[in-house]
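Work through the exercises below with the sequence and the model at hand. Each task is followed by a solution in steps.

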Amino acid sequence: EVQLVESGGGMVQPGGSLRLSCAASGFSFSGNVMTWVRQAPGKGPEWVSSISPGSQTAYADSVKGRFTISRDNVKNTLFLQMNSLKPEDTALYYCARASVSNWHDSRRWGQGTQVTVSS
């Protein structure tokens, strides 16, 4: 059974940082593109970032230069380092076993971790 368990969310002030983690199991983590997706209250899901098995990365323009995606293929864990957080980054963040072409399939997502950026 595929399991994706996100953690690391919380409340932070604007300009602050958070590091999200996603523990993966039940599939070949090292062989899959992994993705972070977020959904803000009242809005549709938004692709945030993807990383290939060889750690090539891609970012949405809205987070480029502030967020860093990474992976540990030994520990089967995906990360998202988020710096210079803004109120508009407030959302439920999902880890997905997905690429830029199929990230919108919510069956590929974990249960999510809430990030709230507020003063």
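**Exercise 1. Count the disulfides, taking a disulfide as a pair of cysteine sulfur atoms within 2.5 Å, and describe what is found.**

Solution. Step 1: the count by this rule is one disulfide. Step 2: the bond joins Cys22 to Cys95, with an S to S distance of 2.1 Å. Step 3: Cys22 belongs to strand E3 and Cys95 to strand E9, so the pair ties together parts that are 73 residues apart in sequence. Strands here are DSSP runs (E, at least two residues), numbered from the N terminus. Step 4: the torsion about the S-S bond of Cys22 and Cys95 is about -70 degrees, so the disulfide is left-handed. Step 5: Cys22 and Cys95 are both buried, where buried means under 20% relative accessible area (1.4 Å probe, protein chains only).

The model is predicted: local features need pLDDT of at least 70, side-chain atom pairs count only at pLDDT 80 or more, and totals for chains, interfaces and linings use all residues. Residues are numbered from 1 along each chain as its sequence is written, and side-chain values use heavy atoms, with hydrogens and water left out.

**Exercise 2. Give the strand order of the sheet that contains E3, and find its edges.**

Solution. Step 1: two strands pair if DSSP finds at least two bridges between them. Step 2: the order is E1-E3-E8-E7, an open sheet of four strands with antiparallel pairing. Step 3: E1 (3–7) and E7 (67–72) are at the edges with a single partner strand each, so one side of each is left without a neighbour in the sheet. Step 4: neighbouring strands of this sheet are turned by 15 degrees against each other on average, direction ignored; the axes are lines fitted to C-alpha atoms, and angles run from 0 to 180 degrees between N-to-C directions. Step 5: E1 and E3 (residues 18–25) run antiparallel and are joined by five bridges, with Val5 opposite Ala23.

**Exercise 3. Do likewise for the sheet that contains E9.**

Solution. Step 1: six strands form an open sheet with mixed pairing, in the order E2-E10-E9-E4-E5-E6. Step 2: E2 (10–12) and E6 (57–59) are the edge strands, each pairing on one side only. Step 3: the average turn between neighbouring strands of this sheet is 25 degrees, direction ignored. Step 4: E9 (residues 91–96) pairs with E4 (residues 34–39) in the antiparallel sense over five bridges, and Tyr93 is the bridge partner of Arg38. Step 5: three bridges join E9 to E10 (residues 113–117), also antiparallel; Ala91 is partnered by Val115 and Leu92 by Gln114.

**Exercise 4. Which residues of the largest nonpolar core touch the most other members?**

Solution. Step 1: such a core is a set of buried Ala, Val, Leu, Ile, Met, Phe, Trp, Tyr and Cys residues joined through side-chain atoms within 4.5 Å. Step 2: among its 34 residues, Met34, Trp36, Phe67, Leu78, Leu80, Met82 and Tyr93 touch the most other members. Step 3: E9 gives the most to this core, with five residues. Step 4: five of the six residues of E9 are buried.

**Exercise 5. Is Thr77 buried or exposed, and what surrounds Thr77?**

Solution. Step 1: Thr77 lies in strand E8 (residues 77–82). Step 2: Thr77 has a relative accessible area of 13%, so Thr77 is buried. Step 3: leaving aside neighbours within four places in sequence, Thr77 is in contact (heavy atoms within 4.5 Å) with Ser21, Cys22, Phe29, Ser70, Arg71 and Asp72. Step 4: a polar atom of the Thr77 side chain lies 2.9 Å from the backbone oxygen of Lys75.

Conventions. Buried < 20%, exposed > 50% of the residue type's maximum accessible area, 1.4 Å probe, protein only. Polar contact = N/O pair within 3.5 Å; in protein donor to acceptor, adjacent residues only side chain to side chain.
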